[in-house]
Each structure stands twice: as C-alpha cells, then as structure tokens.
Amino acid sequence: QVQLVESGGGLVQPGGSLSLSCAGRNRDLSGYGVAWFRQAPGKEREGLLCIGGGGVFRNYADSVKGRATIFRDRTKNMVYLQMNNLKADDTGVYYCAAELGWTACASGSGRILEYHHWGQGTQVTVSS
C-alpha cells in the first residue's frame with residue numbers, strides 16, 4: 001500500500017489561491033500516476049486532474065480547467081496542486097490518489113475506482 005499524505009489545506013478567501021502537497025511516504029511516486037480529487041459537501045468525489053509519466057498531465061474537470069496545475073518534484077517524492085481564482089464551489093476535501101503505471105492518468109476518466117491508493121484528504125474552505 002502506498003502511503004500518501006496531503007497537506008496545505010485551510011481557509012482561503014474567494015479569488016485567492018491554494019497550494020496543496022501530496023507526499024509519498026513509503027514508495028517512489030515516479031512510477032505512479034497521481035491525481036487530485038475533490039469531494040464537496042454533499043457531493044460525490046470527483047477527479048480534478050492527474051499527472052503521469054514525463055510530467056504529462058490531464059484535466060478531468062472542466063470546473064478547474066485553466067485555474068489548476070499539477071506537477072511533481074521527484075527529488076522530494078511530492079506531487080503538488082496549485083489552483084487560483086478560488087470560488088466557494090471549490091470548497092471541499094482534497095485527496096491525492098496514486099495508481100502504478102500511467103494507464104489511469106493517460107486513459108482514465110477520473111473515476112475513484114481507477115486509483116487504488118489514497119491519502120486521508122485535506123480540507124479547503126473558500127470563504128470570506
């Protein structure tokens with residue numbers, strides 16, 4: 001089991017930005033596709049974007065397209081999510097998820113079942 005730990009959540013003003021981190025504690029994440037998901041209050045968990053091999057990434061959700069970026073730091077075994085122009089609808093618990101290989105990111109559609117390894121999540125609240 002890959003241990004993933006998210007950090008960086010908190011309260012953010014509308015229009016502000018966030019930077020979340022996902023740390024791989026017991027596996028080298030360089031061989032894994034890693035995705036960020038979000039679960040808003042009362043809603044299903046949705047995939048936002050993922051990063052595969054060679055830094056190639058995909059956007060799953062139109063709601064964050066153009067506002068969100070995902071990237072890796074292989075030296076730190078971390079994957080980051082940066083998002084700007086935050087709105088109240090961005091409120092939720094943000095999860096990182098990992099799956100061995102590149103298929104989940106390259107060919108998947110951002111469904112929960114495509115990823116087998118999950119972090120505990122970090123809460124982001126967008127409010128003034």
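A residue counts as buried when its relative accessible area is under 20%, and as exposed when that value is over 50%. In this predicted model, Asp90 has a relative accessible area of 2% and is therefore buried.

**Salt bridges around Asp90**

The structure holds 5 salt bridges. Side chains of opposite charge can pair when their charged atoms come close. Three of the pairs are listed below with their N to O separations.

| Basic residue | Acidic residue | N to O distance |
|---|---|---|
| Arg38 | Asp90 | 2.9 Å |
| Arg67 | Asp90 | 2.9 Å |
| Lys65 | Asp62 | 3.1 Å |

The salt bridge between Arg38 and Asp90 joins distant parts of the chain, as the two residues lie 52 residues apart. Arg38 belongs to strand β4 (residues 32-39), whereas Asp90 sits in the loop between β8 (78-83) and β9 (92-100). Arg38 and Asp90 are both buried.

Asp90 also forms a salt bridge with Arg67. This pair likewise links distant parts of the chain: Arg67 lies in the loop between β6 (57-59) and β7 (68-73), and is 23 residues apart from Asp90. Arg67 has a relative accessibility of 10% and so counts as buried.

These contacts belong to a network of salt bridges in which Arg38, Glu46, Arg67 and Asp90 are linked.

**The Lys65 and Asp62 pair**

A further salt bridge brings together the side chains of Lys65 and Asp62. Asp62 counts as exposed because its relative accessibility is 64%, whereas Asp90 is buried at 2%.

Technical notes
Residues are numbered from 1 along each chain as its sequence is written. This is a predicted model: local features need pLDDT of at least 70, side-chain atom pairs count only at pLDDT 80 or more; totals for chains, interfaces and linings use all residues. Side-chain values use heavy atoms; hydrogens and water are left out. A salt bridge is a side-chain nitrogen of Lys or Arg within 4 Å of a carboxyl oxygen of Asp or Glu. Helices (H or I, at least four residues) and strands (E, at least two) are DSSP runs, numbered from the N terminus. Buried means under 20% relative accessible area, exposed over 50%, partly exposed in between (1.4 Å probe, protein chains only).
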